[in-house]
Amino acid sequence: MKTILLLVALAAAGCATEGPPVRITLVDDQVLVGHLTTRTIELETGMGPLEFDSADAGELGPIEGPGIDASGHMVNLWLRNGSEFRGRWNRPEVEVQLDVGGEGHSIDVPIAKLARLQFSGDEIWPEESVFRIRTKDGDDFFVDVSRTQLEFSNELGTFKPYLEEIERIDPLDEAKRSWRMTLENGTSLVAELRQTELDLAFAMGPEALRLPLAAVVSMQRERFSVPSGGFFDELEMSSQSAGSV
């Protein structure tokens with residue numbers, strides 16, 4: 001009972017909901033190091049509005065110019081697994097908790113003054129092969145291969161492979177209807193992609209998204225591996241093309 005009461009007291013004081021550690025650089029070269037208590041980052045992207053948990057974030061900064069205001073609130077958001085999303089960040093301010101002189105200071109930082117927002121969480125590299133998708137608006141992200149399916153059909157039937165089963169997908173015409181699909185087990189089919197929109201499950205970030213095929217620039221199968229040179233604290237990424245669309 002005492003333990004439960006203590007946890008309730010900590011939650012009431014805000015200690016149990018402390019946000020991720022961050023380093024905020026302002027356009028006037030002031031630097032704030034503390035904990036971000038703003039828990040979500042909402043972007044208006046070319047794929048629609050997307051919401052991100054700040055605990056998944058790795059870094060956020062303007063697309064161009066010295067700060068968010070000069071960039072017209074257009075930002076790049078990198079997640080801890082390397083995914084990159086681009087969009088407009090319309091939030092007027094973020095809240096950061098600073099500890100100075102034994103006291104906590106809650107500060108509202110205007111977005112207009114922000115030049116760079118860096119998160120201190122460790123990178124989360126994929127343990128297995130992934131699919132990387134790039135869009136015409138500059139997004140570049142990984143999708144969950146175990147929860148994302150494509151649907152193809154030809155005279156032999158209709159096939160709905162998960163991305164984890166696909167070794168390559170190569171478009172065979174400019175209209176992006178006919179494809180050669182090669183599976184990991186060696187099966188190779190020429191078939192039509194029946195979807196005009198892809199139902200994607202993200203490896204990190206928003207739960208899911210319906211992405212028009214016309215917005216996709218490329219889809220690529222990638223694998224992460226440890227270099228053979230013995231530098232086990234580094235990761236080498238080898239990629240295998242899975243077709244450009």
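## A guided tour of the chain

Begin with the whole chain in view, where the secondary structure comes to 1 helix and 21 strands. Keep in mind as you go that this is a predicted model. If you colour the chain by burial, 41% of its 245 residues appear as buried. Of the contacts between residues at least 6 apart in sequence, 49% join residues at least 24 apart. Switching on the surface shows an accessible area of about 13200 Å², with 49% of that area belonging to carbon and sulfur atoms.

Next, select Ile-24, Ile-41, Trp-89, Phe-141, Ile-169 and Leu-211, which are the residues with the most contacts inside the largest nonpolar core, a set of 52 residues. Stay with one of them, Ile-41, and display what surrounds this residue. Once its neighbours within four places in sequence are left aside, Ile-41 is in contact with nine residues that you can pick out one after another: Leu-50, Glu-51, Phe-52, Ser-54, Ala-57, Leu-60, Leu-77, Trp-89 and Phe-119.

Now turn to the strands of this region, and select S3, which covers residues 40-45, together with S7, which covers residues 84-88. These two strands pair in the antiparallel sense over 2 bridges, and Glu-44 can be found opposite Arg-88 of S7. Then add S6, residues 74-79, which also runs antiparallel to S7 and is joined to it by 5 bridges. Within this pair, look for Leu-77, whose bridge partner in S7 is Phe-85; Leu-77 is also one of the residues in contact with Ile-41. S6 and S7 form a hairpin with 4 residues between the strands, and in this hairpin Gly-82 takes a positive phi near 95°.

Two loop residues make a good last stop. Select Asp-29, in the loop between strand S1 (21-26) and strand S2 (31-36), and note that this residue has a positive phi of about 70° although it is not a glycine. Then select His-73, in the loop between strand S5 (57-62) and S6, where phi is again positive, near 65°, in a residue other than glycine.

Is each of these two residues buried or exposed? Asp-29 counts as exposed because its relative accessibility is 65%, and the cut-off for exposed is over 50%. His-73, by contrast, has a relative accessibility of 18% and therefore counts as buried, since buried means under 20%.

Terms used: Residues numbered from 1 in each chain as written. Predicted model: local features only at pLDDT ≥ 70, side-chain atom pairs only at ≥ 80, totals over all residues. Heavy atoms only, no water. Core = buried A, V, L, I, M, F, W, Y, C linked by side-chain atoms within 4.5 Å. Buried < 20%, exposed > 50% of the residue type's maximum accessible area, 1.4 Å probe, protein only. Contact = heavy atoms within 4.5 Å. Pairing = 2+ DSSP bridges. Areas by Shrake-Rupley, 256 points an atom, 1.4 Å probe, with all protein chains shown as cover.
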